[in-house]
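Let's take a friendly walk through this model, looking at its inner spaces, its helix packing and a few backbone details. Please have the sequence and coordinates open as you read.

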Amino acid sequence: MTAPPERRSLKARLAAGERLYGALLRLPSETLVEMAGVAGLDYVVIDCEHGPADTAVLQHHLTAAAAQGIDVLVRTGTAEPALALRCLDLGAAGIIHPHVDSAQDARRAVASVHYPPLGTRGFATYSRAGRFGTVSAADHVTASRDTLVVAMIETEQACAAAAEIATTRGVDAVLVGPADLAADCSFPGQDVIDDLVAAAHRATRAAGRAVMTIVPGAEGARAAERAWAQLVLHNMASVLMDTFRSLATPGPAQGAGGQS
């Protein structure tokens with residue numbers, strides 16, 4: 001999205017070596033987006049693969065995010081260039097593409113979010129991303145080059161092709177999906193998945209691309225930092241459930257003088 005000149009894009013911040021923290025949201029709630037911004041997170045991910053893909057609702061989320069100065073990435077479904085285009089026209093800062101198994105898949109993902117000559121995205125400046133036609137075509141194209149492209153690796157085949165995927169021109173970051181990876185491998189021992197994830201992360205870093213890691217909470221975030229993840233993404237479903245469970249756990253019995 002064409003942004004005010006004083007605000008740096010996620011892509012520029014990654015290039016500068018910053019570690020960025022985000023929240024993965026599957027629950028349609030502008031309030032959660034606002035709270036993430038108020039709390040000081042760098043970005044939120046709206047999940048349109050496993051969550052609602054209603055673009056009208058998505059626009060409300062993006063408007064709330066803009067008010068708090070927080071960027072939005074959208075995870076689309078597998079090979080959904082039309083949805084990716086709509087998300088970017090609404091002002092998303094980037095797209096997370098699931099099930100990227102090869103360099104060819106990665107090239108298609110990049111093409112869907114960039115204008116020619118790098119990609120095939122349909123051009124328009126009258127969208128929200130183009131500030132409703134108030135920016136020039138040249139400025140809009142320049143701003144679009146900051147679109148972040150995250151390739152999701154979710155199969156054993158994809159892990160083997162991690163180096164080729166990560167070095168694909170236009171791929172900015174790689175996210176390994178451990179749940180789908182485990183399913184693809186017929187749910188082996190955790191050490192098998194850990195080894196595949198670590199190898200994919202090494203290939204990503206060797207290619208000079210950022211590693212994105214989904215974590216269940218603060219302890220997972222610290223582990224991700226030690227593993228040199230540059231995009232740390234908190235799974236808010238996990239964080240909220242842990243919080244609710246802690247609230248539901250009975251505490252020490254209060255005496256008669258306890259507060260009601």
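Asp47 touches Leu24, Leu25, Arg26, Pro52 and Arg75, leaving out residues up to four places away in sequence; contact here means heavy atoms within 4.5 Å. Before going further, note that this is a predicted model, in which local features need pLDDT of at least 70 and side-chain atom pairs count only at pLDDT 80 or more, while totals for chains, interfaces and linings use all residues. Residues are numbered from 1 along each chain as its sequence is written, and side-chain values use heavy atoms, with hydrogens and water left out.

**Asp47 and the largest cavity**

Asp47 sits in strand S2; helices (H or I, at least four residues) and strands (E, at least two) are DSSP runs, numbered from the N terminus. Is Asp47 buried or exposed? With a relative accessible area of 1%, Asp47 is buried, where buried means under 20% relative accessible area, exposed over 50% and partly exposed in between, using a 1.4 Å probe and protein chains only. Glu30 is 17 residues from Asp47 along the chain, and their C-alpha atoms are separated by 13 Å.

Asp47 is also one of the residues lining the largest cavity. On a 1 Å grid over the protein atoms alone, a cavity is a set of points where a 1.4 Å probe fits but cannot get out; a pocket is an open set with protein on both sides within 12 Å along at least five of seven lines; and lining residues have an atom within 4 Å of a point. Grid points are joined across faces, edges and corners, and a volume is the space filled by probe spheres set on the points.

The structure has three cavities of 30 Å³ or more, and the largest has a volume of about 100 Å³. Its lining is made up of Leu25, Arg26, Leu27, Pro28, Ile46, Asp47, Cys48, Pro52, Asp54, Val57, Leu58 and His61. Strand S2 (43–47) and helix H3 (55–68) are the elements that give two or more residues to this lining, and H3 gives the most, with three.

Leu27, another of the lining residues, belongs to the loop between strand S1 (20–25) and helix H2 (30–39). Leaving aside neighbours within four places in sequence, Leu27 is in contact with Leu32, His61 and Leu240. Leu27 and Ile46 are 19 residues apart in sequence, with a C-alpha to C-alpha distance of 8.4 Å.

**The second largest pocket**

The second largest pocket holds about 340 Å³ of space. Of its 18 lining residues, Val197, His201, Thr213, Ile214 and Val215 are the closest to the centre. Helix H10 (190–206), strand S7 (210–215) and helix H11 (218–226) each supply at least two residues of the lining, and the largest share, six residues, comes from H10.

**Residue classes side by side**

The table sorts three groups of residues by class: Ala, Val, Leu, Ile, Met, Phe, Trp, Tyr, Cys and Pro count as nonpolar, Asp, Glu, Lys and Arg as charged, and the others, Gly among them, as polar.

| Group | Nonpolar | Polar | Charged |
|---|---|---|---|
| Largest cavity lining | eight residues | one residue | three residues |
| Second largest pocket lining | 13 residues | four residues | one residue |
| Contact of H3 with H4 | five residues | two residues | one residue |

**Helix packing**

How do H3 and helix H4 (residues 81–90) meet, and at what angle? They pack at about 35°, with their axes 10 Å apart; axes are lines fitted to C-alpha atoms, for helices over the stretch in contact, and angles run from 0 to 180 degrees between N-to-C directions. The contact is made by Thr55, Leu58, Gln59 and Leu62 of H3 and by Leu83, Arg86, Cys87 and Leu90 of H4.

H4 is also among the elements that the buried residues of H5 pack against, along with strand S4 (94–97), strand S5 (148–153) and helix H8 (162–166). Because eight of its 11 residues are buried, H5 is largely enclosed by the rest of the structure.

**Backbone details**

The loop between helix H5 (103–113) and helix H6 (137–144) contains Pro117, and the peptide bond from Pro116 to Pro117 is cis, with omega near 10°. Phe132 lies in the loop between H5 and H6; its phi is near 55°, a positive value in a residue other than glycine. Phe132 is exposed, with a relative accessible area of 57%.

Phe187, found in the loop between helix H9 (178–184) and H10, has a positive phi of about 50° although it is not a glycine. Phe187 counts as exposed, at 62% relative accessibility.
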